[in-house]
Amino acid sequence: MGPRSLGPEAINPTTPPPKADLVIVGAGISGLAAALDAGRAGANVTVIDMRSVFGGHAVMSGGLVCLVDTPFQRATNVFDSPDLAIDDFLTHGKDANPDWVRLYARDSKREVHDWLAELGVGWSRLFPRLPGNSVQRQHEAKGRGVGLVSPIYRECLRWTNIHFVWNTKVTSLHIQEGQVRGVRGVGLRDG
C-alpha cells in the first residue's frame, strides 16, 4: 500500500505538489478514477482542473452506469449475462469494437461495479430499459452524479501522493523528443 494520510485535513492547499510521475488534466470521474488507481500503485499524481471543485459534468449527471449481471439486477429479477450484453452491444452499438465489447461485458461487474461498491457507491434503481438493451442495465447511483463521483474523490483525498491544483487551465503540452513531459497552464484566479 502506498502513502496515506488520515484524511483531507492533512493536505495544505498552499504547498506546491511534489514532482509528479503522472499529471491528469480534469478532475471529472475519469480523471479521479485514473488518479486513484495510479496513486494506489504508488505514483505521485497531480490532478489539474480549471474549476474549483471536483466532478466535472459527472457531478451533474443522472449517475447512470451500464453494468452487466450485477447483484442489484438479480435482486430486482433482471437476468443478464455477458453473452447477452455482448450480443446487444455488437448488434445495436454504433461502430462497436468487438474486443472492447467482450472485455466490458465480461468484466464490468468486477472492474466497475465492485470497484465502485468498495468505495461506497450504492444503487437506487435500474433505469428503464434503453433501446439496444434487451434487459435493464443502466444502474442509477444513490445520490445520482454526486453520489457516483464523491466517493472516488473522498478516497483520492486519503492518499498523500495524490495532489490537486484547482482553478488552473492547461493551455499546452510540454513535448520533448516526441514525448509529453509536462503541461503548461494559467491560473484562472491569479493569471
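Here are four short exercises with worked solutions on the predicted model above.

## Exercise 1: A three-stranded sheet

**Task.** Work out the strand order of the open sheet that contains E3, E4 and E5, and find which strands stand at its edges.

**Solution.**

Step 1. Start with the order. The three strands follow one another as E3-E5-E4, and their pairing is antiparallel.

Step 2. Now look for the edges. Strand E3 (64-66) and strand E4 (123-126) each have a single partner strand, so one side of each is left without a neighbour in the sheet.

Step 3. Check how the strands are turned. On average, neighbouring strands of this sheet make an angle of 30° with each other, direction ignored.

Step 4. Zoom in on one pair. E3 is joined to strand E5 (residues 138-141) by three bridges. Within this pair, Val 65 has His 139 in E5 as its bridge partner.

Step 5. Add the helix. H5 packs on the sheet and touches E3, E4 and E5, while its direction makes about 80° with that of E5.

## Exercise 2: A cysteine in helix H5

**Task.** Decide whether Cys 156 is buried or exposed, and find which residues it touches.

**Solution.**

Step 1. Locate the residue: Cys 156 lies in helix H5, which covers residues 144-157.

Step 2. Compare its accessibility with the cut-off. A residue is buried when its relative accessible area is under 20%. Cys 156 has 0%, so it counts as buried.

Step 3. List the contacts. Leaving out residues up to four places away in sequence, Cys 156 touches Leu 32, Ala 35, Leu 36, Ile 162 and Phe 164.

Step 4. Take one of these contacts and compare sequence with space. Leu 36 and Cys 156 are separated by 120 residues in sequence, yet their C-alpha atoms are 5.5 Å apart.

## Exercise 3: A hairpin and a surface patch

**Task.** Describe how E7 and E8 pair, then find the nonpolar patch that includes Ile 175.

**Solution.**

Step 1. Find the pairing. E7 and strand E8 (residues 179-187) are antiparallel and share eight bridges.

Step 2. Look at the turn. Two residues stand between the strands of this hairpin, and Glu 177 in the turn has a positive phi of about 50°.

Step 3. Place Ile 175. This residue belongs to strand E7 (residues 168-176), and opposite Ile 175 in E8 stands Val 180.

Step 4. Judge the exposure. Exposed means over 50% relative accessible area, and Ile 175 reaches 53%, so it is exposed.

Step 5. Complete the patch. Together with Leu 173 and Val 180, Ile 175 forms a nonpolar surface patch with about 290 Å² of accessible area.

## Exercise 4: Salt bridges

**Task.** Find how many salt bridges the whole structure holds, and examine the pairs Arg 40 with Glu 155 and Asp 88 with Arg 137.

**Solution.**

Step 1. Recall the idea: side chains of opposite charge can pair when their charged atoms come close.

Step 2. Count them. The whole structure holds 12 salt bridges.

Step 3. Take Arg 40 and Glu 155, whose closest N and O atoms are 3.8 Å apart. Arg 40 sits in helix H1 (residues 29-40) and Glu 155 in helix H5, 115 residues apart.

Step 4. Compare their surroundings. Arg 40 is partly exposed at 25% relative accessibility, whereas Glu 155 is buried at 13%.

Step 5. Widen the view: Arg 40 and Glu 155 belong to a salt-bridge network with Glu 118 and Arg 158.

Step 6. Turn to Asp 88 and Arg 137, with an N to O distance of 2.8 Å. Asp 88 is in helix H3 (residues 82-92), while Arg 137 is in the loop between E4 and E5. Both Asp 88 and Arg 137 are buried.

Definitions and conventions. Residues are numbered from 1 along each chain as its sequence is written. This is a predicted model: local features need pLDDT of at least 70, side-chain atom pairs count only at pLDDT 80 or more; totals for chains, interfaces and linings use all residues. Side-chain values use heavy atoms; hydrogens and water are left out. Patches are made of residues with over 30% relative accessible area and no salt bridge: like charges are joined within 9 Å, nonpolar side chains (Val, Leu, Ile, Met, Phe, Trp, Tyr) within 5 Å. Accessible areas come from the Shrake-Rupley method with a 1.4 Å probe; for residues, only the protein chains shown count as cover. A salt bridge is a side-chain nitrogen of Lys or Arg within 4 Å of a carboxyl oxygen of Asp or Glu. Helices (H or I, at least four residues) and strands (E, at least two) are DSSP runs, numbered from the N terminus. Buried means under 20% relative accessible area, exposed over 50%, partly exposed in between (1.4 Å probe, protein chains only). Contact means heavy atoms within 4.5 Å. Two strands pair if DSSP finds at least two bridges between them. Axes are lines fitted to C-alpha atoms, for helices over the stretch in contact, and angles run from 0 to 180 degrees between N-to-C directions.
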